[in-house]
Amino acid sequence: MSTATVAKSEYESANRSWYKRNEISITPWLFLAPAILFFMVYVIFPIFQSFDVSLYQWDGLGAREYIGTSNYVELWDDPAFYTSLKNNIIWLILYLLAIPAGLFIALFLNQTVTGIRLYKSLFFFPFVISQVVVGLVFTWFYDPTFGLLNTVIGWVGLGPINVLGDPTYVTYGIIAAGLWPQTAYCMILYLTGLNAVDPEQIEAARLDGAKGWKMLWYVIVPQLKPATFIAFVVTIVGALRSFDLISIMTNGGPFGESRVLSFYMFEVALSEYGFRMGYGAAIAVVLFFIMLFFIAYFLYSMYKDEKGH
Amino acid sequence: MRSILKASATALVTTAVLATGAFAADKPLSGDMKIFLDTSNPAPRATFEGVIAQFGEMHPDLNIETTIIDRDAYKTQIRNFLTANPPDVATWYAGNRMLPYVNTGLFEDVSDLWQGDLAENLASTKTALTIDGKQWGVPYTYYQWGVYYRKDIFDKMGLTKPTTWAEEKANCQKLVDAGIKCYTIGTKFLWTAAGWFDYLNMRTNGYEFHMALTAGKEKWTDDRVKKTMANWRELLDMDAFIGDHTAYSWQEAIPFLVDGKAASYLMGNFAVDPIKAAGLTDDQLDFYQFPLITEGIPMAEEAPTDTLHIPSGASNKDAGRAFLKFVASAEVQTSMNASLGQLPVNNKSSVNTDDKFVRQGFEMLNGAYALAQFFDRDAPAEMAKVGMEGFQEFMVRPDNVDQILARLEKARERIYK
């Protein structure tokens, strides 16, 4: 035992166990162990498994057949893949509208009027209800025969528009439905953020003659930076995970025009007619790299922030 | 057995006593038996509950546990439960739809049940349940497809049941001129469009070509397929279908027929029940066979068969076999299909002649040259998906036809290699 040669201090008893001696460095790992274990089993390991499966042709039931990168080659000239990718990008861009929309609703609600708590709850309501319900509500709203949308635009002599049945509008229609709860989410983040805005700075800015847009842009928004960051993260992730609304509202249709990568992956591998685990895994790998790009960026900026403080 | 013809599901239990005699020779069954069903709609659900109760009375030592799963959810769950938690009996569909489970050895070979009298009685569906020369399940029902139309609207406008393509189009033109759409359809879930393709293709090019096409032996870019699409296009150019059909499920398309905005519906017989529930009576609703298109081509029909299977991982296969045999028998098929409103497969069963749709369907299928299952049961799953999406796109953008067929051809080359 080499440790036995170390000189004993007065704080050390003669025969402390190995655990006692390393307690400070071991304990955090013990507390982390369950999380790490499950994270490994349910997140890290499946990522590598997906990489592996994507190199096979496999129906999920029988024997796997190694086919190298054929799945990726096929993906390369699969028009459905590009439709999904294009829709994913539209989702990413338009979903970000939830951030300014949430900010303005938060500014609007950030006042002391009788019953403001009730109004705040009402605005937050769409985030509380299930995405499935949101999808159903919007499906009826868009319905070409009895939907509210077409009734309203009918009054001004327009329509009817079959939003969910028309390949040109369908993705925008679903994103609009998705923005409803997402805006509420961003709003609640900004409402919390606004509580932390320093009133002295506002006072000072007011003395300097700042008001309206300038006040908002140069004084309020910079102080909301942490809230903006979180809103950005949840919105990007939300856009990439958009699955339930598509599944409920259009099932990927008409003829696959509203699919995104995650839905296409599900359809290819796990839906009623899907028996192509390998191809689905290949789509998952592509989606993983797209997400990784954003996640790496967020982790980097978080790291930078922490170093800055 | 005439009294049984009208039997509802609840009455099945009382007839059990009568039927028991026929099966008394079987050895007693015991233990547990698990049955998974996809019969989640009210009528099929009650029917099966009745049949299982009847079977349970015959085998008092058998502890039967039934699980009914939503029909659409079942289609994705079957893969999981066949491997992880196999029941002793499971419902499924005939044709290529069972191929993945047969190929991977998840369905039990039940050729031994297809012996003697039973084989003779079920002969009409034997090919649909045969893969590699063995049988993998037994049928319990099948149903016809055809055009369900508003008789009152036809009468008012002086139209008659069409028997040829020219008559069909002439009728349709008159309806369109009067501001009524000829056909309602909801293509949100794609398969309804495949019904149109199947019929148009079988009538234009014949059963053999259609089967070769779904089996991957003919090219999708073939001129014959183009001819089918051209026939379809004639209807599309006439504006014969309701607009916005991509937004509706097949059930959501029913109100157009009920409200008189559309005059007919190409559908399976299972649609009669919801249509009547939506308010149409037997006087208003009638049925005709899909008309002849190419002169001289024998009339084949769609008749999807629903089946029962024993998973190879089942723990009580004796009970499973006994149940399959029981359901395949003439008496049980008679009473079951009377309450399902469909057709029994066993040719010794009697058909519920009080139901005019069942009666007409039975006559039509008896005279049919051959029976197809349905596009998504005749073609393998992947091809069915790509194909049906193509049909839906064609109905919205008929100008893309060449592009769509080229895509299907590319899929065919990949899938059937």
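# A tour of chain B

Start by selecting E2, E1, E3, E12 and E6 of chain B: in that order these five strands form an open sheet with mixed pairing. Helices (H or I, at least four residues) and strands (E, at least two) are DSSP runs, numbered from the N terminus, and two strands pair if DSSP finds at least two bridges between them. At the edges stand strand E2 (62-68) and E6 of chain B, each with a single partner strand, so one side of each has no neighbour in the sheet. From one strand to the next the twist averages 25 degrees; axes are lines fitted to C-alpha atoms, for helices over the stretch in contact, and angles run from 0 to 180 degrees between N-to-C directions.

Before going on, note that this is a predicted model, in which local features need pLDDT of at least 70, side-chain atom pairs count only at pLDDT 80 or more, and totals for chains, interfaces and linings use all residues. Residues are numbered from 1 along each chain as its sequence is written, while chains are lettered from A and ligands numbered from 1 in the order in which they are written.

**The five-stranded sheet**

Select strand E1 (residues 31-37) of chain B together with E2(B): the two pair in the parallel sense over seven bridges. One place to look is Asp32(B), whose bridge partner in E2(B) is Asn63(B). Now add helix H2 (residues 42-58) of chain B, which lies across E1 and E2 of chain B and runs at about 170 degrees to E2(B). Helix H13 (residues 317-328) of chain B also packs on the sheet, touching E1, E2, E3, E6 and E12 of chain B, and its direction makes about 35 degrees with that of E6(B). Contact here is between residues whose C-beta atoms, placed from the backbone, lie within 7 Å.

Next, select strand E12 (residues 305-309) of chain B. How many of its five residues are buried? Five of the five are. A residue is buried if 20 or more other C-beta atoms lie within 10 Å of its own, exposed if 12 or fewer, and partly exposed in between, with C-beta atoms placed from the backbone. Thr305(B), Thr307(B) and His309(B) are on one side of E12(B), Asp306(B) and Leu308(B) on the other, and both faces are covered.

E12(B) pairs in the antiparallel sense with strand E3 (residues 89-93) of chain B, over four bridges; there, Ala90(B) has His309(B) as its bridge partner. Strand E6 (residues 138-142) of chain B is also joined to E12(B) by four bridges and runs antiparallel to it. In that pair, Tyr142(B) stands opposite Thr305(B).

**The four-stranded sheet**

Move to E8, E9, E7 and E10 of chain B, which in that order make an open sheet of four strands with mixed pairing. Its edge strands, strand E8 (181-183) and strand E10 (285-288) of chain B, each pair on one side only. Strand E7 (residues 145-150) of chain B and E10(B) are antiparallel, with four bridges. Two positions to label are Val147(B), opposite Tyr288(B), and Arg150(B), opposite Leu285(B).

Which residues of E10(B) point to one face and are buried? They are Leu285(B) and Phe287(B), whereas Asp286(B) and Tyr288(B) point to the other face and are not buried.

Still in E7(B), select Tyr149(B). This residue counts as buried because it has 25 C-beta neighbours inside 10 Å. Leaving aside residues up to four places away in sequence, Tyr149(B) touches Phe154(B), Ala263(B), Ser264(B), Asp286(B) and Tyr288(B).

**Helix H15**

Select helix H15 (residues 356-366) of chain B and colour Phe357(B), Val358(B), Gly361(B) and Leu365(B), which are buried. These four residues lie on the same side of H15(B), because they cover an arc of only 95 degrees around the axis, the arc being that of the directions from the helix axis to the C-beta atoms. They pack against helix H12 (272-277), E10, strand E11 (301-302) and strand E13 (371-372) of chain B.

**The contact with chain A**

Show both chains: the contact takes 21 residues from chain B and 20 residues from chain A. On the side of chain B, helix H3 (71-84), helix H4 (99-103) and helix H17 (381-396) are the elements that give two or more residues. H17(B) gives the most, with eight residues.

**The whole chain**

Zoom out to finish: chain B has 18 helices and 13 strands. Of its 417 residues, 50% count as buried.

Technical notes. Contact = placed C-beta atoms within 7 Å.
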